[in-house]
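User: Hey, I've got this one open and I'm not sure where to begin. Can you walk me through it?

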Amino acid sequence: MLKLLKPVSLCAASLTIAACASTGIIPFSQDTYLIGKKDASPGRGVSLSTKAEVLKEAHAFCAKKGQETSIVRVESTPTEPFQFGSTELVFRCVAPGGSAPALMKDADQVIEIRAK
């Protein structure tokens with residue numbers, strides 16, 4: 001019985017570690033970065049702790065550069081039964097008190113299609 005529990009425990013531990021893994025900071029474009037993290041917390045919904053960890057990591061990254069974090073986009077996928085949730089953050093590091101322009105600008109024109 002003890003021989004069976006050891007592999008099961010190792011498998012469960014490795015799944016937990018892999019499920020909570022962070023991508024780390026990834027350069028997204030010239031001055032924009034991306035970070036993502038899986039969430040294997042039990043239950044359903046979005047884990048606020050995962051979202052907070054991603055934000056803290058982004059803030060620490062920008063602080064090392066002597067800059068502040070400007071969030072471009074945050075996307076969270078809720079945890080569902082048999083499916084890990086995730087949080088993805090796209091951000092820029094800007095001068096203290098500064099702001100980053102939006103990644104996408106609003107449309108200049110609106111095209112209307114009318115069916116007859």
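**Strands first**

Analyst: Let's begin with strand S4: 8 of its 10 residues are buried, so S4 is mostly covered. Buried here means under 20% relative accessible area, exposed means over 50%, and partly exposed is in between, using a 1.4 Å probe on protein chains only. Helices (H or I, at least four residues) and strands (E, at least two) are DSSP runs, numbered from the N terminus.

User: Anything I should know about the model itself?

Analyst: It's a predicted model, so local features need pLDDT of at least 70 and side-chain atom pairs count only at pLDDT 80 or more, while totals for chains, interfaces and linings use all residues. Residues are numbered from 1 along each chain as its sequence is written, and side-chain values use heavy atoms, with hydrogens and water left out.

User: Cool. How many helices and strands are in the protein chain?

Analyst: There are 2 helices and 4 strands. Going from the N terminus, they run α-β-β-α-β-β. Of the 116 residues in the chain, 22% count as buried.

User: And in what order do the strands sit in the sheet?

Analyst: The order is S1-S2-S4-S3, in an open sheet of 4 strands with antiparallel pairing. Strand S1 (26–27) and strand S3 (68–77) are at the edges with a single partner strand each, so one side of each has no neighbour in the sheet. Two strands pair if DSSP finds at least two bridges between them.

User: How many bridges join S2 to S4?

Analyst: 8 bridges, and the two strands run antiparallel. Within that pairing, Tyr33 has Phe91 in S4 as its bridge partner, and Gly36 has Glu88. S3 is joined to S4 by 9 bridges, also antiparallel, with Glu68 partnered by Val94 in S4.

User: What about S1?

Analyst: S1 has 2 bridges to strand S2 (residues 32–39), and they run antiparallel. A hairpin links S1 to S2 through 4 residues. Across that pairing, Pro27 stands opposite Tyr33 in S2, and Ile26 has Leu34 as its bridge partner there.

User: Is S2 covered or exposed?

Analyst: Mostly covered: 7 of the 8 residues in S2 are buried.

User: Switching topic: how many disulfides are there?

Analyst: The count comes to 1 disulfide, where a disulfide is a pair of cysteine sulfur atoms within 2.5 Å. The pair is Cys62 and Cys93, with S to S at 2.1 Å. Cys62 lies in helix H2 (residues 48–64) and Cys93 in strand S4 (residues 85–94), so the link ties together parts that are 31 residues apart in sequence.

User: Which way does the link of Cys62 and Cys93 turn, and are the two buried or exposed?

Analyst: The link is left-handed, with -80 degrees about the S-S bond. Both Cys62 and Cys93 are buried.

User: OK, so where does H2 lie?

Analyst: H2 lies across S2, S3 and S4, at about 20 degrees to S4. Axes are lines fitted to C-alpha atoms, for helices over the stretch in contact, and angles run from 0 to 180 degrees between N-to-C directions. Contact means heavy atoms within 4.5 Å.

User: Which residues does Phe61 touch?

Analyst: Phe61 lies in helix H2 and is in contact with Ile25, Tyr33, Phe91 and Cys93, leaving aside neighbours within four places in sequence. Phe61 and Cys93 are 32 residues apart in sequence and 8.4 Å apart in space, C-alpha to C-alpha. At 23% relative accessibility, Phe61 counts as partly exposed.

User: And Thr50, buried or exposed?

Analyst: Buried, with a relative accessible area of 4%. Thr50 is found in helix H2 too, and touches Lys37, Lys38, Asp39 and Thr87, not counting residues up to four places away in sequence.

User: Last one: how much space lies in the largest pocket?

Analyst: About 160 Å³. A pocket, on a 1 Å grid over the protein atoms alone, is an open set of points where a 1.4 Å probe fits, with protein on both sides within 12 Å along at least five of seven lines, and lining residues have an atom within 4 Å of a point. Grid points are joined across faces, edges and corners, and the volume is the space filled by probe spheres set on the points.

User: What lines the largest pocket?

Analyst: 13 residues, with Gly36, Lys37, Ser86, Thr87 and Glu88 nearest its centre. S2, S3 and S4 are the elements that give two or more residues to the lining, and the largest share, 4 residues, comes from S2.
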